[in-house]
Amino acid sequence: MITPNRHYAELKDSYLFTHIAERVEAYQAEHPGAHLLRMGIGDVTLPLCDAVIEALHRAVDDQASKERFQGYLPECGAPFLRSAIAEHYCSRGVSLAEDEVFVSSGASDELGDILDLFDASSSALVSEPAYPAYVDANVIAGRRIVHLPSSRADGFLPEPSDEVRADLIYLCSPNNPTGAVFSRDQLQRWVDFANDHGSVILFDAAYEAFIEDPALPHSIMELPGARTCAIEICSLSKTAGFTGTRLGYTVIPRDLMCAGMSLNDMWVRNRTTKTNGVSYVIQRGAEAVFTPEGQRQVQGNLAYYKENARVLMRALDQTGTWYCGGRNAPYLWVQCPGGMGSWEFFDLLLNEAQIVGTPGAGFGTCGEGYLRFSTFGNRADTQEAARRLLALLG
Ligand code: PLP
């Protein structure tokens with residue numbers, strides 16, 4: 001009889017968003033006229049910028065033209081996009097070769113697929129609270145997981161320690177859900193730690209575009225030593241509103257070796273075996289993000305979300321509520337007032353202010369006592385949420 005991957009049975013059911021939906025539905029059934037403010041959702045709401053839309057249209061026309069039609073593209077990404085991404089890094093002072101950039105269908109896909117590079121016996125450290133996919137992808141692969149909790153005391157930016165070692169190290173900065181961002185020195189300590197112990201850092205930079213403070217690193221590749229210990233996984237989902245369009249990219253430096261094997265070479269072998277790449281049309285749309293016009297327009301959309309963050313931060317500041325994030329990230333990680341639990345505060349906000357947040361307990365046990373607000377909503381709802389927060393907590 002065929003044996004299934006029994007590790008699926010070890011996955012904890014992801015009740016978080018189901019529970020939220022159930023509670024919201026029940027509330028709405030009882031209060032049909034209530035205007036709910038959904039501040040929990042991690043999806044963007046603004047449309048793609050004009051430069052991207054025009055590039056997508058042009059690419060569709062290419063596919064209708066006998067001369068310009070594109071069939072299969074290279075599995076690791078179209079040269080025009082790989083070079084545009086490499087040049088984008090270069091403009092920030094990070095020198096990358098085109099073949100160190102891999103185009104993907106998004107960070108989620110890559111975060112799961114990249115584990116093919118490592119033996120199932122390797123262990124994975126997850127700095128928590130964390131994006132749930134890090135843990136689940138490793139449970140499915142049967143890996144031992146080392147949970148590294150963080151807290152208000154360390155600003156939700158944990159330091160490496162000899163007591164918590166692992167082969168793979170997941171770091172996400174700016175962080176989902178906490179919005180915390182590693183400083184250059186803090187990230188350098190992780191790079192040094194990984195090089196000293198022969199670990200590989202999987203650096204999730206999905207929210208790098210939200211960084212405004214020039215002192216903060218956008219990419220782990222900015223740091224000395226990262227080329228021998230880190231893989232960077234990034235996405236246009238939040239940068240450029242590609243959540244439904246789908247495009248990401250992964251940087252695997254040629255210097256990154258594992259027991260004498262080149263992880264870059266291995267990933268080429270993996271991609272050429274397991275995928276035929278990302279659609280031509282979407283890659284052309286993504287290329288437009290990296291043009292000067294695309295960058296200007298994308299920044300315009302990000303500015304809208306950042307203003308939402310400021311609206312919420314002003315209200316929380318006035319109520320004296322502790323939070324982190326919001327400044328260089330699209331999430332605010334709010335401490336539940338009066339020692340309330342995550343779900344207790346969720347219910348209070350829903351019942352008393354008709355605001356829907358995301359309970360922090362859904363991102364790991366150390367998320368208990370916190371709640372995540374997203375700034376991806378529309379301005380009017382965000383302003384109304386700020387007003388209601390002030391009335392409730394002020
Ligand atoms: N990484 C983090 C930290 C995220 O929050 C998300 C999506 O919310 C992703 C990765 C997934 O991004 P993508 O849409 O590129 O799959």
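In helix 12, the buried residues (under 20% relative accessible area, 1.4 Å probe, protein chains only) are Asp381, Thr382, Ala385, Ala386, Arg388, Leu389 and Leu393. The structure is a predicted model, in which local features need pLDDT of at least 70 and side-chain atom pairs count only at pLDDT 80 or more, while totals for chains, interfaces and linings use all residues. Residues are numbered from 1 along each chain as its sequence is written, and side-chain values use heavy atoms, with hydrogens and water left out.

**Helix 12**

- Helices (H or I, at least four residues) and strands (E, at least two) are DSSP runs numbered from the N terminus.
- The end C-alpha atoms of helix 12 are 21 Å apart, which agrees with the 21 Å expected for 15 residues at 1.5 Å a residue (1.5 Å times one less than the number of residues).
- Elements covering the buried residues of helix 12 include strand 1 (37–38), helix 10 (292–319), helix 11 (342–353), strand 13 (355–356) and strand 15 (370–374).
- Asn378 caps the N-terminal end of helix 12, with a side-chain oxygen 3.1 Å from the backbone nitrogen of Ala380.

**Thr382**

- Thr382 belongs to helix 12 (residues 379–393) and has a relative accessible area of 0%, so it is buried.
- The Thr382 side chain reaches the backbone oxygen of Asn378 at 2.8 Å.
- Beyond its neighbours within four places in sequence, Thr382 is in contact (heavy atoms within 4.5 Å) with Met39, Asn308, Val311, Leu312 and Gly377.

**Open sheet**

- Four strands make up an open, antiparallel sheet in the order 11-12-15-14, where pairing requires at least two DSSP bridges between two strands.
- Strand 11 (323–325) and strand 14 (358–359) are at the edges, each with a single partner strand, so one side of each has no neighbour in the sheet.
- Strand 11 and strand 12 (residues 331–335) run antiparallel and are joined by three bridges; Gly325 has Leu332 of strand 12 as its bridge partner.

**Nonpolar cores**

- The largest nonpolar core (buried Ala, Val, Leu, Ile, Met, Phe, Trp, Tyr and Cys residues joined through side-chain atoms within 4.5 Å) has 101 residues, and Ile201, Ile220, Phe242 and Phe373 have the most contacts inside it.
- Helix 10 gives the largest share of this core, seven residues.
- This core lies between domain 1 (12–41 + 294–393) and domain 2 (50–289), because both give residues to it; the domain bounds come from an automatic or database domain assignment.
- Another core, of 27 residues, lies apart from it and includes Phe118, Val139, Leu256 and Leu263.

Technical notes: Buried < 20%, exposed > 50% of the residue type's maximum accessible area, 1.4 Å probe, protein only. Polar contact = N/O pair within 3.5 Å; in protein donor to acceptor, adjacent residues only side chain to side chain.
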